[in-house]
Amino acid sequence: MNSYNLTNGNFINLEKDFSNVNSISVSNGRITQINNPIKNIPNIDLNGAYVIPGFIDAHFHIKNYGKRLQQLNLKGIKSLSEIELLLKERLIGMKSGEWILGFGWDQNLWEGKEFPTSKFLNSIVPDNPVYFTRIDGHSAWVNDAAIHLTNFSIENFKDINGGDIINNCIVIDNAMNPFKTHLPKESVSQTKEWIKIAVKEIIAKGITGVHDAWQDANTITAIKELIEENEFPIRCYGMIAGSDTSLLDNFFKSGHYKSEYYSIRSVKAFIDGALGSRGAALHEPYCDDKNNCGLILISKDQFSELVQNCYKHNFQLNTHAIGDRGNNFVLNAYAKVLKENNNRRWRIEHAQMVSDSDMMHFKNHSILPSMQPSHCTSDMKWLPERLGQDRLKLISRWKSFIDLGLKIPGGSDCPIEEGNPLFE
């Protein structure tokens, strides 16, 4: 049914001129008439149901969403004993040496709120490599079988710039990299299946467009193929993986990509980690880890080169920064190339903790704080002990940004958060 009239519904819109909408006519997926039903096409009686504009999520991870739905789900689990039961159930029928992948654990939900020791996984799963990504995606919980595959010693992990290892089993940020070459390979066909799984869930939540915050070559190819196969019914704004120099060079040479459902003209970079794993870069140490100010994941020279290339080739740069030191690092680098009152619309993804002295950098250089409301509510229970009461005023400064006249792209960071716009 390519054309139809929607009638007898409660139509919600943002236009003053259409505050009293009683019908909408749709043809080939587009609204063609309002309050003027087209004759000789089917009428769909909504029986009072609500119709709202489709949501656009400005910070999403579409491939990872589908991928996580096939992994061991550790989100919301409140004890290690529950994780032990899930592990033992997953081990049934598995062969020795097969990877066990999981996502979503959060030590802040457990009694004591401490990172686990290496003994836990090693005693339950001695013969299968385990790789469990934390809820924020900035650390992984591994066992000795996984570490053995990397040929790294514990001391090697401690020496990685922008990385660390805790309790000989929790690898932080860049210390996750040695495992990635040993994890099961991701093919284009597998990526397509993950994206199809994700799209089905996305549509059910009323989301019609996403800004996909980190796309590798497989993801880009998969989305293009799905569009050709008429299996990608949402719109996607892609951010190229900032660490893939070959992929970046190809796009810098060929320019922006644009089609009806898919566009690529931006780059995603990472500067620091997350507050939950104490990897966010702070000016002062964490209150519950006095010798730790977090991590900067890339050198100033490397980031400066990326900044200059994005500016030269007119690609929007969207950089993950959470801690106050991380945000300052990005803002200073942006300011060196961006003119005041520009229209580049460069973004800082998350902008979760920003000092007073850095607020005007956003305004003066037209930098957008791309923020996720649910990060504030997810973190609020443990933030006081992690940052101290005095620094809480630097967290999630929505009103301060709005008062400066800045637009805030809103998103969920799904699958780190639920990705439901009516819940977020």
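**Exercise 1. Determine whether the two faces of strand 18 in this predicted model are buried or exposed, and identify the strand that pairs with strand 18.**

Solution. Begin with the two sides separately: Gln 316, Asn 318 and His 320 lie on one side of strand 18, Leu 317, Thr 319 and Ala 321 lie on the other, and all of these residues are buried. Next, take the strand as a whole: six of the six residues of strand 18 (residues 316–321) are buried, so the strand is largely enclosed by the rest of the structure. Finally, turn to the pairing, where strand 17 and strand 18 run in the parallel sense and are joined over five bridges; within this pair, Lys 268 stands opposite Asn 318.

**Exercise 2. Which residues of the largest nonpolar core touch the most other members, and which helix gives the core its largest share?**

Solution. The largest nonpolar core has 51 residues, and those touching the most other members are Phe 303, Leu 317 and Tyr 334. The largest share of this core, five residues, is contributed by helix 11 (residues 324–335). Taking Tyr 334 as an example, and leaving aside residues up to four places away in sequence, its contacts include Phe 303, Val 307, Leu 317, Trp 346 and Ile 367. A further core, of 21 residues, lies apart from the largest one, and Ile 77, Ile 83, Leu 121 and Val 125 are among its members. As background, nonpolar side chains in soluble globular proteins tend to be buried together.

**Exercise 3. Compare the span of helix 11 with the expected value, and find what its buried residues pack against.**

Solution. At 1.5 Å a residue, the 12 residues of helix 11 should span 16 Å, and the end C-alpha atoms are 16 Å apart, which agrees. The buried residues of helix 11 are Asp 324, Gly 326, Asn 327, Phe 329, Val 330, Leu 331, Ala 333 and Tyr 334. These buried residues pack against helix 10 (300–312), strand 18, strand 19 (347–350) and helix 12 (356–364).

**Exercise 4. Work out how the buried residues of helix 8 are arranged about its axis, and which elements they pack against.**

Solution. Helix 8 (residues 217–228) has 12 residues and reaches 17 Å from its first C-alpha to its last, close to the 16 Å expected at 1.5 Å a residue. Its buried residues are Thr 219, Ile 220, Ala 222, Ile 223 and Leu 226. Viewed down the axis of helix 8, these buried residues fall within an arc of 165 degrees, so they line one face of the helix. Their packing partners are helix 1 (62–68), helix 7 (188–204), strand 14 (207–215), strand 15 (235–241), helix 9 (245–254) and strand 17 (262–270). Just after helix 8, Asn 230 takes a positive phi of about 60 degrees.

**Exercise 5. How many disulfides does the structure contain, and why does Cys 376 form no bond with the closest cysteine?**

Solution. A search of the whole structure gives zero disulfides. The sulfur of Cys 376 is 17 Å from the closest cysteine sulfur, in Cys 287, which is too far for a bond, given that the cut-off for a disulfide is a sulfur pair within 2.5 Å. Cys 414 is likewise in no disulfide, since the nearest cysteine sulfur, that of Cys 236, is 13 Å away. As to accessibility, Cys 376 is partly exposed at 25% relative accessible area, whereas Cys 414 is buried at 1%.

**Exercise 6. Where do Asn 28 and Asp 173 lie, and what is the backbone geometry between Cys 414 and Pro 415?**

Solution. As a reference point, most residues other than glycine have a negative phi, and most peptide bonds are trans. Asn 28, in the loop between strand 3 (23–27) and strand 4 (30–34), has a positive phi near 50 degrees, and with a relative accessible area of 59% it is exposed. Asp 173 lies in strand 13 (residues 170–173) and has a positive phi of about 45 degrees although it is not a glycine, while its relative accessibility of 6% makes it buried. The peptide bond joining Cys 414 and Pro 415 is cis, with omega about 15 degrees, and Pro 415 is found in the segment after helix 15 (398–403).

How values were computed. Residues are numbered from 1 along each chain as its sequence is written. This is a predicted model: local features need pLDDT of at least 70, side-chain atom pairs count only at pLDDT 80 or more; totals for chains, interfaces and linings use all residues. Side-chain values use heavy atoms; hydrogens and water are left out. Buried means under 20% relative accessible area, exposed over 50%, partly exposed in between (1.4 Å probe, protein chains only). Helices (H or I, at least four residues) and strands (E, at least two) are DSSP runs, numbered from the N terminus. The expected span of a helix is 1.5 Å times one less than its number of residues. The arc is that of the directions from the helix axis to the C-beta atoms. Contact means heavy atoms within 4.5 Å. A nonpolar core is a set of buried Ala, Val, Leu, Ile, Met, Phe, Trp, Tyr and Cys residues joined through side-chain atoms within 4.5 Å. Two strands pair if DSSP finds at least two bridges between them.
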